[in-house]
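Work through the three exercises below with the sequence and the 3D structure at hand. Each task is followed by a solution in steps.

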Amino acid sequence: MILCDLHTHSLNSFDAENTVDEMCRAAIARGLEAIAVTDHCEAPFISCGEDCEFGSFDRQIPQSVRDAHQAAEKYKGKLRVLCGMELGEPMHDPEQTAHALGYGDFDFILASVHNLRGRDDFYFMDFSKVSVDEILREYFDELAETAAFPDFDSLAHLTYPLRYIVERTGVYPDLSPYTGQIENIFKILIKNQKALEINVSGLFKPMNTTLPDLPLLRLYRELGGRLITVGTDAHTAAMVGRGLEDGLSAAREAGFDSYAVYQSHTPHLIPIK
Ligand SMILES: [Zn+2]
Ligand SMILES: [Zn+2]
């Protein structure tokens, strides 16, 4: 099966460890056909420059774009290297988001929500003090806003807060109270012809499933969802490509017979065998 990893982070992300070149070599060693370099850019934090806890996006993303283009040239014929970005919370700051989209000529934009308005990153939340229900409701509301944003290709890790909720509380929350909110997100994606990401990073974490999981993939499919992308969210070269087959098995089980790879924001469908 042709494997493409559409979610990877290089050293140009504050929380990742390897160069684009090292990520590419790992991808080739794993037999991948393509990777997208999708370094972090958190829209509401762009304007804090070098003082930002994530580092300066004005410095990191143009560098990520240069590295991706350079690798694309270097590995031509061996690996397709797509130039991407993981754009966090575009709706919190439309002006800075427009600035971020001008950093380069991107093939692929992932949109994500890591931070809720007026709250700490999920990573820092103390789930014995905040209400999980309240957080999930706010999260899915903000994700619906993000899904309606026009300038992205695939919506990343739909159930992101569960990574941390399950890790801290040991419980995988029942998502049935949020079905209406999630259906709404799926309907927006389908109407706007955006893809849903199957993020396989959860397979290596206590939640032990893809983001979103199989029942939600089935729901997306039943509602008419046809476009999906798969990504590892690798933050090290060692994780590039790991778990993609499992993500694609879940997709197949949910009824998908293809997944998308984006070049110049255009989806190209790859059969799932
Ligand atoms: Zn993310
Ligand atoms: Zn990511």
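Helices (H or I, at least four residues) and strands (E, at least two) are DSSP runs, numbered from the N terminus. This is a predicted model, in which local features need pLDDT of at least 70 and side-chain atom pairs count only at pLDDT 80 or more, while totals for chains, interfaces and linings use all residues. Residues are numbered from 1 along each chain as its sequence is written, and chains are lettered from A and ligands numbered from 1 in the order in which they are written.

**Exercise 1.** Describe the chain as a whole.

Solution. Begin with the elements: the chain has eight helices and nine strands. Next take the radius of gyration (over C-alpha atoms), for which the globule rule is 2.2 Å times the number of residues to the power 0.38. The radius is 17 Å, close to the 19 Å given by the rule for 273 residues, so the chain is as compact as a globular protein of that length. Along the principal axes, its C-alpha atoms fill a box of roughly 50 × 45 × 35 Å.

**Exercise 2.** Find the order of the strands in the open sheet of seven strands.

Solution. Two strands pair if DSSP finds at least two bridges between them. The order is S1-S2-S3-S4-S5-S6-S7, with parallel pairing. Strand S1 (4-8) and strand S7 (228-231) each have a single partner strand and stand at the edges, so one side of each lacks a neighbour in the sheet.

**Exercise 3.** Place strand S4 (residues 108-112) in its surroundings.

Solution. First look at its partners. Strand S3 (residues 80-88) pairs with S4 in the parallel sense over five bridges, and glycine 88 stands opposite serine 112. Strand S5 (residues 154-155) pairs with S4, also parallel, over two bridges; there leucine 155 is the bridge partner of alanine 111.

Then check the cover. A residue is buried if 20 or more other C-beta atoms, placed from the backbone, lie within 10 Å of its own. By that count, five of the five residues of S4 are buried. Phe108, Leu110 and Ser112 point one way from S4, whereas Ile109 and Ala111 point the other way. Across the chain, buried residues make up 47% of the 273 residues.

Methods: Buried ≥ 20, exposed ≤ 12 C-beta atoms within 10 Å, placed from the backbone.
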